[in-house]
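Welcome to a short tour of a protein chain and its ligand. Have the sequence and the 3D view open side by side as you read.

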Amino acid sequence: MKTKTIIVIGGGPGGMMSAYAAAKNGHHVVLLEKNVRLGKKMLITGKGRCNVTNDAPVNELVKAMVGNGKFLYGAFSDFSSEDTMAWFTDGGVPLKVERGQRVFPVSDISGDIVGCMERQLAKVGVEVKSQTTAGKIIVQDGVAVGVKADGRIINADAVVIATGGVSYPRTGSTGDGYKLAQNVGHTIKPVFPALVPLVVKESYVGDLEGLSLRNAEISIKSNGKVLGKDFGEMVFTDVGMSGPVILTLSRICAKHFSEQPHEPLDLTINLKPALTEEQLDLRLQRDYDSYPKRNYSTLLQELLPKKMIPVFVQLSQIDPWKQGNQINKQDRKVILKLLRALPFTVVKCRPIEEAIITAGGVNVKEIDPKTMGSKKIHGLFFAGEVIDIDGVTGGFNIQAALSTGYRSGLGAANYLTEMDE
Ligand code: FAD
């Protein structure tokens, strides 16, 4: 007979793994989820394929978590990406590793990952209460003793908050955990969007909408000072840019705009990052010598995607009909400069509701990294994105939710065992 109860609030990857780990250790676990189904956000991850982890060693997982990675070292060591892969494979979901060590289900169906978690929860006897919204943590003499949900009090011996962040609120992640934690004395680090598309001033970006660049080097500057530089894939949107390299750099932009909302940032795209300036100049000269009668805009087809040519011609202010043998050194200088630093002005990030991740959250200084337990309230634990942690794209954020989920479930289970002794 299980006499002690652990309530886990939030049925995302963090809460589900927390509930699993706690129940596996012999406790009665009640998982509260405000939606009808568990894992609503998880279903839309990885464009519906769920990039569930990254096949990387612990130190790389830590590095990829740009927001408080070191805090996660122990959690990643306890439940690593190898453990994640074994857990899902043993649970009946074969996985595959793609470019950048990103791990997906072989089926490419995120529902298989969520389904596996639901099955494992049922196996260890977790009681799922869906369509139940937690509104308050009940604390007596500094100890968490229950949760008020939809006006009803549910008694508990330990509580885990795993309510996620505030991005994509229609998935249920509406920032409730911040209020729950704040009401019992925790401080919340200001939240801002991470992994979010950028908005630029230049209207010609709309002409590039849908164009993706596989090997772009992006630099972000503020008043001439480089704030960030990265290389990878990007895509133009109707009002700006998105795609992995932009999302990674967006954290720097979001932080900048949270402090200086009216100070635009300079963004440049190096379209030929594999070539030095000299190599690129030689390449241009060779093209123009080889095709002296071809006009400038036709010659650009050797270098650029078709969709970009009108924009490039306009920016260079070189006559599109100018022939190869008429393009002089000064023209080449302009072309070179644009190829190596196509300029844009970032005016803002898309809103936090459109961010993949919420940066900020429950202050990590108030959480014991060994147990994910609150340093302020006995019997209170945290898991997942509600904590002030965030990482780059590639499966790291779900891994962080699973690792902190696992640790918090064990932490809560051990706390109850110690109470018994
Ligand atoms: P969530 O998944 O947000 O779950 C929190 C749960 O708590 C929700 O189900 C919510 O309904 C519930 N809840 C909230 N408040 C209450 C309350 N008061 N009472 C009861 N229940 C409550 N990460 C990756 O690693 N790989 C990817 O491929 C990837 N793709 C993404 C794509 C998109 C479009 C988005 C938005 C995010 C993506 N992420 C990805 C990020 C990843 O989804 C999150 O990091 C992860 O889901 C966080 O898990 P969590 O358990 O902390 O929170």
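Two residues are in contact here when heavy atoms lie within 4.5 Å. By that rule, 71% of the contacts in the protein chain with a separation of 6 or more are made by residues 24 or more positions apart. Please keep in mind that this is a predicted model.

**The chain as a whole**

The protein chain contains 13 helices and 21 strands. Its C-alpha atoms fill a box of roughly 90 × 45 × 35 Å along the principal axes. Out of 421 residues, 55% count as buried. The accessible surface of the chain is about 18,700 Å², and carbon and sulfur atoms hold 49% of that surface. As for charge, there are 50 positive and 44 negative side chains, and the centres of these two sets lie 3 Å apart.

**Around the ligand**

Which residues come nearest to the ligand? Of the 35 residues around it, they are Glu33, Ser173, Asp176, Glu385 and Ile398. Oxygen atoms of the ligand have polar partners in the protein, and three such pairs are set out below.

| Residue | Protein atom | Distance to a ligand oxygen atom |
|---|---|---|
| Serine 173 | side-chain N or O | 2.7 Å |
| Isoleucine 398 | backbone N or O | 2.8 Å |
| Asparagine 35 | polar side-chain atom | 3.2 Å |

On its own the ligand has 1,000 Å² of accessible area, and the protein covers 95% of that area. Helices α1 (13–24), α2 (40–44) and α13 (396–420) are the elements that each give two or more residues to the shell around the ligand. The largest share, 4 residues, comes from α13.

**Asparagine 54**

Now move to strand β3 (residues 53–54), where asparagine 54 sits. Asparagine 54 counts as buried because its relative accessible area is 3%, and the limit for that class is under 20%. Where do the polar atoms of this side chain find backbone oxygens? The backbone oxygen of glycine 100 is 3.0 Å from a polar atom of the asparagine 54 side chain, and the backbone oxygen of glycine 394 is 2.9 Å from a polar atom of that side chain. Both glycines also appear among the residues that asparagine 54 touches beyond four places in sequence, and so do Leu61, Ser81, Gln101, Arg102, Val103, Gly395 and Phe396.

**Alanine 144**

Alanine 144 belongs to strand β8 (residues 143–149). Is alanine 144 buried or exposed? It is buried, because its relative accessibility is 1%. Alanine 144 and leucine 380 are 236 residues apart in sequence, yet their C-alpha atoms are 5.9 Å apart in space. Leucine 380 is also one of the contacts of alanine 144 outside its neighbours within four places in sequence; the others are Ile137, Ile138, Val139, Ala156, Asp157, Val159, Ile377, His378 and Gly379.

**Two aspartates in regular elements**

Aspartate 230 lies in strand β14 (residues 225–236), while aspartate 281 lies in helix α9 (residues 277–290). Why do they fall into separate accessibility classes? The limit for buried is under 20%. Aspartate 281 has 18% relative accessibility and therefore counts as buried, whereas aspartate 230, at 28%, counts as partly exposed.

Their surroundings can be traced in the view as well. Leaving out neighbours within four places in sequence, aspartate 281 is in contact with Arg332 and Leu336. With those neighbours again left out, aspartate 230 is in contact with Ala216, Glu217, Ile218, Val245, Thr248 and Leu249. From aspartate 230 to serine 18 the C-alpha distance is 35 Å, with their positions 212 residues apart in sequence.

**Two loop residues with positive phi**

Finally, take a look at two loops. Aspartate 150 is found in the loop between β8 and β9 (152–155). Aspartate 150 is not a glycine, yet its phi is positive at about 50°. This residue counts as exposed because its relative accessible area is 52%, and exposed begins over 50%.

Glutamine 317 is placed in the loop between α11 (309–316) and α12 (329–340). The phi of glutamine 317 is near 55°, again a positive value in a residue other than glycine. With a relative accessible area of 73%, glutamine 317 is exposed.

Key
Residues are numbered from 1 along each chain as its sequence is written. This is a predicted model: local features need pLDDT of at least 70, side-chain atom pairs count only at pLDDT 80 or more; totals for chains, interfaces and linings use all residues. Side-chain values use heavy atoms; hydrogens and water are left out. Buried means under 20% relative accessible area, exposed over 50%, partly exposed in between (1.4 Å probe, protein chains only). Accessible areas come from the Shrake-Rupley method with a 1.4 Å probe; for residues, only the protein chains shown count as cover. Lys and Arg count as positive and Asp and Glu as negative; His and the chain ends are not counted. The place of a charge is taken as NZ of Lys, CZ of Arg, CG of Asp or CD of Glu. A residue is near a molecule or strand if one of its heavy atoms lies within 4 Å of it. A polar contact is a pair of N or O atoms within 3.5 Å; within protein, one must be able to donate a hydrogen and the other to accept it, and residues adjacent in sequence count only if both atoms are side-chain atoms.
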